[in-house]
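Biologist: Before I rely on any of the labels attached to this model, I would like to hear the reasoning behind them, one label at a time.

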Amino acid sequence: MAASKYQAPRGTFDILPDAARIRARIERTAAEIFVRAGYEPVSTPAFEDTELFERGVGRSTDIVRKEMFTFEDKGGRSITLRPEGTAPICRAYLEHGMHKLAQPVKLFYAGPFFRHERPQAGRYRQFHQLGLEAIGTDSPLADAEAIMLLAELLAELGVPGVQLRLGSLGSPDARRDYLEELKAHLRAHEAELSKDVRERIELNPLRAFDSSDEGTRGVMENAPTIVERLNEEDAAHFAEVCSLLDASGIDYEIDPTLVRGLDYYTRTIFSFVCSELGAQSEVGGGGRYDGLIEQLGGPPTPAIGWAAGVERIMLALGEKAEATDRDAFVAVADDGQRQRALALTGELRHAGLAVEVDLAGRSLKGQLKHADRIRARRAVILEADGTMQLRDMQTGDQHPVEPGAVADELSK
Ligand code: ATP
Ligand code: MG
């Protein structure tokens, strides 16, 4: 093998054609579903000012504490490769005055994201997310619609073993009393907690629910949950989201211990997990972030969104390689016909057919073998005397065809 000493950096990977085809299908399917629902595409830069994520994602989160790729640019500004998509979209919403548009503004995106994580199956340092945001409404209808769209995407793609978990974090004011209660519970059991959780009792007590540490899990089994402590308005909002999902036939399980890795969430949160995935079982998730835009310096603007991991979806699908067929391969029986062959190939492609032509100077036998290899359904053979043959690559049957009739014949 012609190996070089260079390899893709740790935690990153090359996307070779078989995987790239599946990825393209996932992104195409998502875009079709989102566009039908009136969401519009948006794309933000791969890097942003570091402060956007510190303020937006939250300084107490794993992402900001240890997962960001941060560096100084030549002007001494601190820059971070984007670890997530919501804060950048909110930045763009404010920067471009989208609050003046009809609300909610419904946007979707897909692209690479970067987190300095320990690489393992389903967890990489450059990975891909697709997601959507509905900004400018606090209606439970928007929560239910966002959830329905992710459910539809996973169903349409055929992701097996999908389960939806649903919870609510309440609104920040109402959450304050609950957080004090939770901190008191954690402090009372400090000795049983993992170091990481113990150190963050003040900063981020909710993360204790997400811990995989056995001692911590034991403590959390008896911890009060936020869902039991919602105030009247938050409880009514949550009940309405549930009843809208019921009415639309979306299955879910209420998980009072559900939390998420970003600070900005309020009220509804959700997570789609897949039984086919191991430890990294979440294919996508999100929730409401009613305080984020204000946190970034904008007017109070409620919003909801989610992101799904494209590599996780691919793992769940089992990465079945999808072969592509060609309508035809244009072959020459004589080198004198190569110019005509390329011109004809161009015409056939223009007519909408998937057609390849020999680019390697092969003999006729070699060309037909290659036509087989690329799964061409038919071969058009240009003879030395200028006539053409149409060959069925499955049966080997061959018959003459008029140059003007090739496109029509191939379309049959
Ligand atoms: P996890 O609990 O698996 O770390 P997370 O809470 O960090 O996920 P989000 O920040 O909400 O996840 O990201 C949304 C989705 O992006 C996840 O559901 C997952 O599918 C995917 N994802 C997150 N981090 C990675 C990663 N390092 N590599 C691949 N996919 C990822
Ligand atoms: Mg994470």
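Biologist: What makes the crossing of α5 and α9 right-handed or left-handed in this predicted model?

Modeller: The crossing of α5 and α9 is right-handed, and a crossing earns that name if the near helix is turned clockwise from the far one by less than a right angle. The two helices pack with their axes 9 Å apart, at an angle of about 45°.

Biologist: Why are α5 and α9 called oblique to each other?

Modeller: Angles under 35 degrees would count as roughly parallel and those from 65 to 115 as roughly perpendicular; the angle here is about 45°, and α5 and α9 are therefore oblique.

Biologist: Which residues make the contact of α5 with α9?

Modeller: On the side of α5 they are Pro 140, Leu 141, Asp 143, Ala 144, Ile 147 and Met 148, and on the side of α9 they are His 237, Glu 240, Val 241, Leu 244 and Leu 245. Sorted by class, this contact has eight nonpolar residues, one polar and two charged.

Biologist: Why are α1 and α5 oblique to each other?

Modeller: Helix α1 (residues 17–36) and helix α5 (residues 140–157) pack at an angle of about 140°, their axes being 10 Å apart. Roughly antiparallel would need an angle over 145 degrees, and roughly perpendicular ends at 115, so α1 and α5 are oblique. Here too the crossing, in which α1 passes α5, is right-handed.

Biologist: How do the residues of the contact of α1 with α5 divide by class?

Modeller: They divide into seven nonpolar, one polar and four charged.

Biologist: What makes Arg 187 partly exposed?

Modeller: Its relative accessible area is 38%, whereas buried means under 20% and exposed over 50%, so Arg 187, falling in between, is partly exposed. Arg 187 is found in helix α6 (residues 172–188), and, leaving aside residues up to four places away in sequence, it touches Ile 201 and Glu 202. Between Arg 187 and Ile 201 there are 7.6 Å in space, C-alpha to C-alpha, although they lie 14 residues apart in sequence.

Biologist: Why do Cys 242 and Cys 274 count as buried?

Modeller: The cut-off for buried is under 20% relative accessible area; Cys 242 is at 8% and therefore counts as buried, and Cys 274, at 2%, is buried as well.

Biologist: How many disulfides are there by the rule used here?

Modeller: The count comes to zero, where a disulfide would be a pair of cysteine sulfur atoms within 2.5 Å.

Terms used: Residues numbered from 1 in each chain as written. Chains lettered and ligands numbered in written order. Predicted model: local features only at pLDDT ≥ 70, side-chain atom pairs only at ≥ 80, totals over all residues. Heavy atoms only, no water. Buried < 20%, exposed > 50% of the residue type's maximum accessible area, 1.4 Å probe, protein only. Axes fitted to C-alpha atoms, helices over the stretch in contact; angles between N-to-C directions. Helix = DSSP H or I, 4+ residues; strand = E, 2+ residues; numbered from the N terminus. Nonpolar A, V, L, I, M, F, W, Y, C, P; charged D, E, K, R; others polar. Contact = heavy atoms within 4.5 Å.
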